[in-house]
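Student: Could you take a close look at one part of this model with me? I'd like to go through the place where the two chains meet.

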Amino acid sequence: MTEKFQGYLRSDGRKGIRNTIVVAYLVECAHFVASKIVAGFDDEDVQLIGFPGCFPNEYAARVMGQLCTHPNVGGVLFVSLGCESFDKVRASGTVASTGRPVETLVIQRSGGTAKTVETGRAWVRSALQEVAKVERAPMGVDELIIGTICGGSDGTSGISGNPAAGKAFDLLIAEGAACIFEETGELISCEDIMAERAKTPELGEELRAAVQKAERYYATLGYGSFAAGNAAGGLSTIEEKSLGAYVKSGDSQISGLIKPGDVPPRGGLYLMDVVPDGEVRFGFPNISDNAEIVEMIASGAHMTLFVTGRGSVVGSAISPVIKICANPDTYRALEGDMDVNAGDIIEGKRSIAEVGQEIRDLVVNVAKGAQTKSEALGHREFILTYKSFDPIGPSCLPAV
Amino acid sequence: MTGPFLHLHPDDNVLVARASAPAGTEVKLANITATLAHAVPLAHKIAYRDIVAGERILKYGMPIGIATEDIAAGAHVHIHNIRSAYTPTHALQDANGQSPEASK
């Protein structure tokens with residue numbers, strides 16, 4: 001398969017499928033002003049992201065840097081209150097080094113709310129004209145990075161939606177794409193079968209250790225990665241949810257283990273370790289689904305496959321979300337939010353392979369510019385919180 | 001075929017509802033044909049055969065928990081009679097799959 005589409009060529013050679021201007025607040029105190037700037041551009045691709053905390057955090061700084069230089073992003077406006085700890089000079093330097101238009105507005109030095117909003121909107125207007133001139137270049141499936149998560153899972157997720165997403169992953173990986181699955185807290189009890197799929201025994205040990213770390217972390221917190229709605233939907237235990245979630249990874253060999261912000265070096269299947277290292281700090285690893293989506297995007301995901309049974313409606317800033325509905329009743333209830341009806345598998349109308357092919361084809365169409373349902377509805381959810389990671393070990397990315 | 005239920009793996013001691021099954025539905029199980037005493041919502045599980053307390057529950061051929069009491073063939077298998085081998089399950093009033101409005 002050598003299907004090509006037109007990507008947005010960035011200075012580092014990576015190519016995007018969207019050309020977004022992001023407006024990023026650097027502390028909650030600048031959130032309102034940043035959102036007012038974005039509110040002036042309902043019909044343009046201008047999106048709000050941000051970090052709420054006033055204390056410094058290396059993880060948040062790195063993720064913000066990766067997001068602002070994501071191939072789907074054309075330019076960045078940082079909005080700072082002025083006294084927060086986020087290193088805005090480093091952040092804007094990271095963006096400037098890629099040649100993208102970047103500006104930082106400090107509310108305390110820009111005349112307050114009204115003047116900062118006015119100045120910000122003027123900058124965005126000029127940046128939109130500039131990013132419209134970005135060079136286009138042919139792009140193939142083998143240049144795509146695709147993430148997958150499941151959220152609002154129920155007892156159908158592991159039977160229909162997740163296996164179909166796994167089938168799509170197998171097809172995309174065979175075409176050279178890099179695919180990322182994640183949430184080690186939802187792989188508890190799967191570590192042994194997963195480790196057997198690793199490219200090397202040493203990587204297998206790393207995969208196993210990542211899940212064991214998640215198990216310890218959640219045990220300390222007292223809750224598994226399991227919401228009340230999972231139980232209402234027929235899931236009884238974390239291991240039942242995990243087995244269903246695991247099949248999103250498909251059947252391909254596992255090429256590596258990455259952490260949020262690490263970009264897969266080549267095509268293949270990667271597990272993202274999302275549970276922080278060291279002692280339990282800062283609370284739950286990912287407080288809601290969008291935190292996981294943001295980490296996939298920080299690792300370069302051009303789009304995310306989101307499998308839901310109960311019926312999540314979220315999208316995301318920066319990279320489109322493809323919503324795969326596992327539950328046929330939910331699909332009928334929320335059809336306007338769902339891109340793919342994997343509930344057909346539950347009802348015996350279509351096979352896992354057929355739905356997997358539909359997802360793969362939709363990925364290509366979205367890469368060509370087709371909007372997903374959540375994208376067209378205007379969903380641009382975003383959340384970034386505190387975490388702490390050590391760099392990945394030497395066995396995590398075996399050479400070819 | 002077990003009516004509106006799936007037997008996902010030959011080793012499994014539970015079936016999964018592929019559609020909501022009303023009370024009175026007849027289901028062919030391992031050794032008997034049972035009549036459901038209560039409705040079983042889509043994607044919930046019932047026992048494929050008698051399960052004794054302490055036994056592992058198998059779905060997809062893999063362990064998904066441990067029976068906390070004896071479970072009769074055909075009975076709903078869920079958080080009231082199985083537990084995780086890892087972390088406790090958090091649930092609210094709607095864990096039986098009925099919406100709070102419907103159970104009023």
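How many residues of chain B are in contact with chain A, and how many residues of chain A do they meet?

Tutor: Happy to! Keep in mind that this is a predicted model. On the chain B side, 28 residues make contact, and they meet 26 residues of chain A. Two elements of chain B each give two or more residues to this side: strand E7 (62–67) and strand E9 (82–83). The largest share comes from E7(B), with 4 residues. Sorted by class, the side of chain B that touches chain A has 15 nonpolar, 8 polar and 5 charged residues.

Now let's turn to chain A itself, beginning with a single residue. Arg18(A) sits in the loop that links strand E2 (15–16) to strand E3 (20–25). Arg18(A) counts as buried because 22 other C-beta atoms lie within 10 Å, and the cut-off for buried is 20 or more. Leaving aside residues up to four places away in sequence, Arg18(A) touches Asp45(A) and Asn72(A). With Asn72(A), the C-alpha to C-alpha distance is 4.6 Å, although 54 residues separate the two in sequence.

Helix H2 (residues 58–68) of chain A also has buried residues: Tyr59(A), Ala61(A), Val63(A), Met64(A), Gln66(A), Leu67(A) and Cys68(A). These buried residues of H2(A) pack against several elements of chain A. The strands among them are E3, E4 (46–50) and E5 (73–80), and the helices are H3 (88–96) and H10 (289–298). Strand E3 thus turns up twice on our tour: at one end of the loop that holds Arg18(A), and again as a packing partner of H2(A).

Conventions
Residues are numbered from 1 along each chain as its sequence is written. Chains are lettered from A and ligands numbered from 1 in the order in which they are written. This is a predicted model: local features need pLDDT of at least 70, side-chain atom pairs count only at pLDDT 80 or more; totals for chains, interfaces and linings use all residues. A residue is buried if 20 or more other C-beta atoms lie within 10 Å of its own, exposed if 12 or fewer, and partly exposed in between; C-beta atoms are placed from the backbone. Two residues are in contact if their C-beta atoms, placed from the backbone, lie within 7 Å. Ala, Val, Leu, Ile, Met, Phe, Trp, Tyr, Cys and Pro count as nonpolar, Asp, Glu, Lys and Arg as charged, and the others, Gly among them, as polar.
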